[in-house]
Amino acid sequence: MAETLKPVDVVTIGVGLTGSMAALEMAQSGLKVVGLERGAPRFTVPDFQSPAIHDELRFSIRKAMMQDNVKVAVTFRNNSNETALPIRRWESFLPGQGLGGSFVHWNGQSFRAQVADFVWRSHTIQRYGQKFLDACGPELTIQDWGVTYDELEPYYDRFEYLCGVSGKAGNIKGQIQPGGNPFEAPRSREYPNPPLKETYFGAIFRKGAESLGYHPYRNPPQI
Amino acid sequence: MTEVSRRTLIKATGAIGAAILPAVFETANAATPAGAELAATSSICAAAAAATTYVFFNGEEAAFIEAAVARLIPADDEWPGALEACVPNYIDKQLGGAWGAGERLYRSGPWQPRAWTQGYQLPFTPAELFRAALGEINKELSHRPFPRMNPEEQDSYLKKLEAGGKDLGGVPSEVFFTHLWESTVEGFFSDPVYGGNCNMVSWRMIGFPGAYASYYDLVDQHGIKLDRVPMSLAEDAHGHIHLNPGIPARSP
């Protein structure tokens, strides 16, 4: 039997990365917000504390944080000549469930998109010509986003400072910064936190890439 | 593949994930000779392996599994193999539990031929898959059971399963072999709370320190030797056993 609850201003469907941040913004502006989430409530302690969180069989192999395939199944095919079949166990992509959604188990890599990513159609025409697009036929549905990098930059900045992203800027207002990614789109200021400590494999990769004349830079994770 | 190269391969693949150098065997008690400690570890494991109480496998099935895992990860002069590390016990408890019963496995139709990129598409739960395949294998080998073959014959039989093309009660033999191999690796390297990796022998072998809370102070100390005694999920940082209701699984 349906139970009628007191009305609220906003209901978020899901309390993952998007839902929780939208709910926070709206609640801070005075709206009454309820978030709906399937799966268990989970909190840093006790759910993500050591040593239980280091259980590789449970989390990496059996995928305990992911959606239950018995309840949620999607079908998949590689091309239109194949028959789409159910994904019976998650392998190539991992949708999460529970409070925090995929935000709980993602790798935290917080890259910005490049300037050209927002104007992919115009960029491709400018770079390769209209004939290149025409040759791809009617199935090519590439479009520009409708917003540009410059318009979104303040929001990237706000998001990175909200989450405390670690990294080294490579381009601040057009000035190339040593140690960062010299090819990145211009950002208005430095990352809120310095890069994480360099791991052994990271150091090997950096030295190898540098010796070949490339421009290795530090990942921007949210940790 | 010889036993030596197989062991080397396992050490190499294990060490890649752990990002550390293979450790010299050492315990908290530095006065204990490494050899004596290793002998004690091996005998503890041997005793545990001998005492396995099977809840899923019947006698014939268990005999095949014990003999097969002993060929997939054989013991050598220095370290126990999968049999001594209680891997049959791990596989038995997995198949007798939720994973074996098809937890998190979508089991409705359609059932039809797949592209290999479309993943597992058989109607069997892991328990049904092992039961069907082992039944067929033991029927086929009733005159010369697998455990009674010599090691070369056993390897050759396992290789035939791996090569595929053989039907084992509805299970393609290569699919069964993949399940057997993956379960063996899981049992050998997973935390001992799951019933394999007895006394953390595989972790000691590859120098994996286990479930320490943090490596923050060590992550940029490159090239140092990490030779801590490994730590199981069942212990806290002081080696005390603690009871955590969240291990190994808690239903939502």
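**Helix packing and chain contact in a predicted two-chain model**

B:Phe189 lies in helix α7 of chain B, in a structure that is a predicted model. With 24 other C-beta atoms within 10 Å, B:Phe189 is counted as buried, because a residue is placed in that class when 20 or more such atoms lie within this distance. The C-alpha atom of B:Phe189 is separated by 25 Å from that of B:Phe146, a residue 43 places away along the chain.

The helix that holds B:Phe189 also takes part in a packing arrangement with helix α4 of chain B, in which the axes of α4(B) and α7(B), the latter spanning residues 173-189, come within 8 Å and cross at roughly 115 degrees. This angle makes α4(B) roughly perpendicular to α7(B), since angles from 65 to 115 degrees count as roughly perpendicular, and the crossing of the two helices is right-handed. On the side of α4(B), the contact is made by B:Val87, B:Tyr90, B:Ile91 and B:Gln94, while α7(B) contributes B:Ser183, B:Thr184, B:Glu186, B:Gly187 and B:Phe188. When these residues are sorted by class, the contact of α4(B) with α7(B) has four nonpolar, four polar and one charged residues.

Helix α4(B), which covers residues 87-96, is also packed against helix α3(B), which covers residues 59-72, and here the axes lie 9 Å apart at an angle of about 130 degrees. That angle makes α3(B) oblique to α4(B), and α3(B) passes α4(B) in a right-handed crossing. The residues of α3(B) that meet α4(B) are B:Ala62, B:Ile65, B:Glu66 and B:Val69, and their partners in α4(B) are B:Val87, B:Pro88 and B:Ile91. By class, this contact of α3(B) with α4(B) has six nonpolar residues, no polar residues and one charged residue. B:Val87 and B:Ile91 thus appear in the contact with α3(B) and also in the contact with α7(B).

Helix α3(B) has a further packing partner in helix α5(B), where the two axes come within 10 Å and cross at roughly 90 degrees. The crossing angle makes α3(B) roughly perpendicular to α5(B). In this case the contact is made by B:Glu60, B:Glu61 and B:Phe64 of α3(B), together with B:Leu134, B:Ile137 and B:Asn138 of α5(B). Sorted in the manner used above, the contact of α3(B) with α5(B) has three nonpolar, one polar and two charged residues.

These pairs of helices belong to a chain with eight helices and two strands. From the N terminus on, the elements of chain B run α-α-α-α-α-α-β-β-α-α, and of the 252 residues of this chain, 33% count as buried. Among contacts in chain B between residues at least 6 apart in sequence, 67% join residues at least 24 apart.

Chain A, by its own count, has seven helices and six strands, and when read along the sequence it follows the pattern β-α-β-α-α-β-β-α-α-α-β-β-α. The radius of gyration of chain A is 22 Å, well over the 17 Å that the globule rule gives for 223 residues, and chain A is therefore more spread out than a compact globule. Taken along the principal axes, the C-alpha atoms of chain A fill a box of roughly 65 × 50 × 45 Å. Of the 223 residues of chain A, 15% count as buried, and among contacts in this chain between residues at least 6 apart in sequence, 56% join residues at least 24 apart.

The contact between the two chains takes 30 residues from chain B and 35 residues from chain A. On the side of chain B that touches chain A, the residues divide into 16 nonpolar, nine polar and five charged. A local view of contact between the chains is given by B:Gly119, which is found in the loop between α4 and α5 (126-140) of chain B. Leaving aside its neighbours within four places in sequence, B:Gly119 is in contact with A:Ile87, A:Arg88, A:Arg89 and A:Glu91. B:Gly119 counts as partly exposed, because it has 16 C-beta neighbours inside 10 Å, a number that falls between the limits of 12 or fewer for an exposed residue and 20 or more for a buried one. Computed from C-alpha to C-alpha in the model, B:Gly119 and B:Ile73 are 26 Å apart in space, and they are 46 residues apart in sequence.

Key. Residues are numbered from 1 along each chain as its sequence is written. Chains are lettered from A and ligands numbered from 1 in the order in which they are written. This is a predicted model: local features need pLDDT of at least 70, side-chain atom pairs count only at pLDDT 80 or more; totals for chains, interfaces and linings use all residues. Axes are lines fitted to C-alpha atoms, for helices over the stretch in contact, and angles run from 0 to 180 degrees between N-to-C directions. Helices (H or I, at least four residues) and strands (E, at least two) are DSSP runs, numbered from the N terminus. Angles under 35 degrees count as roughly parallel, over 145 as roughly antiparallel, 65 to 115 as roughly perpendicular and the rest as oblique. A crossing is left-handed if the near helix is turned anticlockwise from the far one by less than a right angle, and right-handed if clockwise. Two residues are in contact if their C-beta atoms, placed from the backbone, lie within 7 Å. Ala, Val, Leu, Ile, Met, Phe, Trp, Tyr, Cys and Pro count as nonpolar, Asp, Glu, Lys and Arg as charged, and the others, Gly among them, as polar. The radius of gyration is taken over C-alpha atoms; the globule rule is 2.2 Å times the number of residues to the power 0.38.
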